[in-house]
Amino acid sequence: MTKELHIVGGGMAGSEAAWQAANLGVRVVLHEMRPKVGTFAHQTGNFGEMVCSNSFRSDDDEQNAVGLLHWEMRASKGLIMASADRHKLPAGGALAVDREPFAEHVTAALKSHPNIETSYEEVTELPDEGEWIFATGPLTSPALGEAIARETGTDRLAFFDAIAPIVYAESIDMSVAWMQSRYDKGETEDEQKAYLNCPMSKDQYEAFIDALLAADKTEFHEGETAGYFDGCLPIEVMAERGRETLRFGPMKPIGLTNEHRPDDKPYAVVQLRRDNKLGTLYNIVGFQTKMKYGAQTAVFKMIPGLQDASFARLGGIHRNTFLNSPTLLDDHMRLRSKPNIRFAGQVTGVEGYVESAAMGLLAGRMAAHTIMGRDLAPPPFTTAMGALINHITGGADAKTFQPMNVNFGLFPPLEGLRGGRKGRKERYKGYTVRAKVDFNQWLEAQSSCNA
Ligand SMILES: Cc1cc2nc3c(=O)[nH]c(=O)nc-3n(C[C@H](O)[C@H](O)[C@H](O)COP(=O)(O)OP(=O)(O)OC[C@H]3O[C@@H](n4cnc5c(N)ncnc54)[C@H](O)[C@@H]3O)c2cc1C
């Protein structure tokens, strides 16, 4: 094998990509800027450093989408999962990790691999030649960020996320909420009913504002607010600016008629917009927030229609460099305008250690196949990895694209199973059983072509 694979970034995604490609027999050069050039969150020069919590979240591969992702990564002989399993800490059903020995293990495994060479330099350009994976994460160095923006256009590379909470459609009470676009705008019925509306009376609105003001909030990191804060204010900050601000902003009640009670004019309306093609997820429009997770759940369940809501993800605002992947990447995570460049990890618009490592795993395998003169199709989107790559490269709405955790709302629905809360256990089990069968087939197809 003469052609090398260059991987930039030795975090969760880059480390896993290097491991997968090297194990397929491809020579890898892993470029990492630390410890020479640091970030505000990383503390060491190790590969696979966990920058904040030490949790890989749920390890339940029958009832939880991230647990299923663990299962798929273990089935793919992933380095990140093997290292996490080796250095796990007691944490009930979650997979918590002893972070230092974990990162030391990842580093030692990569450095001792005969097919991997390491280079401790910052990469600041997107090369025209060679096979490259960029896995530089939410804290991509500014010089590289500029080079990416030159290639993609500044409007397609974000430097922060402003995430509104995302709700499972099936958990919304449609005897309270209704579908309607403001002033019934739109040519087709789909467009005229593009929004899901939750009405509030004056008393409900006042109680909601009180709860917002009283809720626990997380603090911004130093330097985190620069450049974006006024563009997408957290709802609690809007409420602090005046009790009526939200009613004249994202919660304005105009142009809408409650189909359940047409004569009852709502005092305020919370709108939700479809978040994926499947129509299984809805985001709460304009509700980016820095409230703590526990507080968010309590406050958002005060919204009529969302009293039993299940959240696919909660809101947040963070420093986060990520691409508008639905418009920029093909389904093999290649830059459409420069296909010798792949992206992987959080910079593609997934969120979290496990999701980032999973996208690294796919990018590493796909790039290795390209070097070996073959094509590797993504896993079917009935699997956790397939659902994620499908979401970021096509399933998500490009206009409102924000980073996403893996969740069952990204999976194609199963026919014939009971909807709603009561059918949840059976449905989740159905998703994970189907995913494991399909993922194993995807793996087996590769081993027969590598044999
Ligand atoms: C402050 C903060 C807290 C977070 N907390 C959590 C959490 O608690 N749980 C969670 O699941 N996720 C958390 N995340 C998200 C987390 O960063 C990702 O889940 C995960 O680390 C992303 O993996 P990655 O490989 O894409 O990026 P990273 O793990 O960040 O790896 C990217 C690597 O690229 C290197 N790099 C960057 N630019 C260059 C360059 N130009 N040349 C060479 N190397 C470069 C960086 O040094 C880094 O090692 C947090 C993120 C931040 C910023």
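Strand 13 covers residues 281–284. Strands here are DSSP runs of E, at least two residues; helices are runs of H or I, at least four residues; both are numbered from the N terminus. Leu-281 and Asn-283 point one way from strand 13, Tyr-282 and Ile-284 the other, and all are buried. Buried means 20 or more other C-beta atoms within 10 Å of the residue's own, with C-beta atoms placed from the backbone; exposed is 12 or fewer, and partly exposed lies in between.

A word on the model. It is predicted: local features need pLDDT of at least 70, side-chain atom pairs count only at pLDDT 80 or more, and totals for chains, interfaces and linings use all residues. Residues are numbered from 1 along each chain as its sequence is written.

Now the neighbours of strand 13. Strands count as paired if DSSP finds at least two bridges between them. Strand 9, residues 166–168, pairs antiparallel with strand 13 over 3 bridges. There, Val-167 stands opposite Tyr-282. Strand 12 also runs antiparallel to strand 13, joined by 3 bridges. Arg-273 faces Asn-283 in strand 13. Strands 12 and 13 form a hairpin, with 6 residues between them. In that turn, Gly-279 has a positive phi of about 75°.

Step back to the sheet. It is open, with 6 strands in the order 10-11-12-13-9-14 and antiparallel pairing. The edges are strand 10 (178–179) and strand 14 (311–313), each pairing on one side only.

Next, strand 11, residues 195–200. How many of its residues are buried? 6 of the 6, so strand 11 is largely enclosed by the rest of the structure. Tyr-195, Asn-197 and Pro-199 point one way; Leu-196, Cys-198 and Met-200 point the other. On one side, strand 10 pairs with strand 11 over 2 bridges, antiparallel. Trp-178 stands opposite Asn-197, and Met-179 opposite Leu-196. Strand 12, residues 268–274, is joined to strand 11 by 6 antiparallel bridges. Asn-197 has Gln-271 as its bridge partner in strand 12.

Last, the ligand. Which residues are closest? Gly-9, Gly-11, Cys-52, Gly-137 and Gly-345, out of 34 that surround the ligand. The cut-off is a C-beta atom, placed from the backbone, within 6 Å. The shell divides into 14 nonpolar, 16 polar and 4 charged residues. Nonpolar covers Ala, Val, Leu, Ile, Met, Phe, Trp, Tyr, Cys and Pro; charged covers Asp, Glu, Lys and Arg; the others, Gly among them, are polar. Helix 1 (12–23) and helix 11 (353–371) each supply at least two shell residues. Helix 1 gives the largest share, 3 residues.
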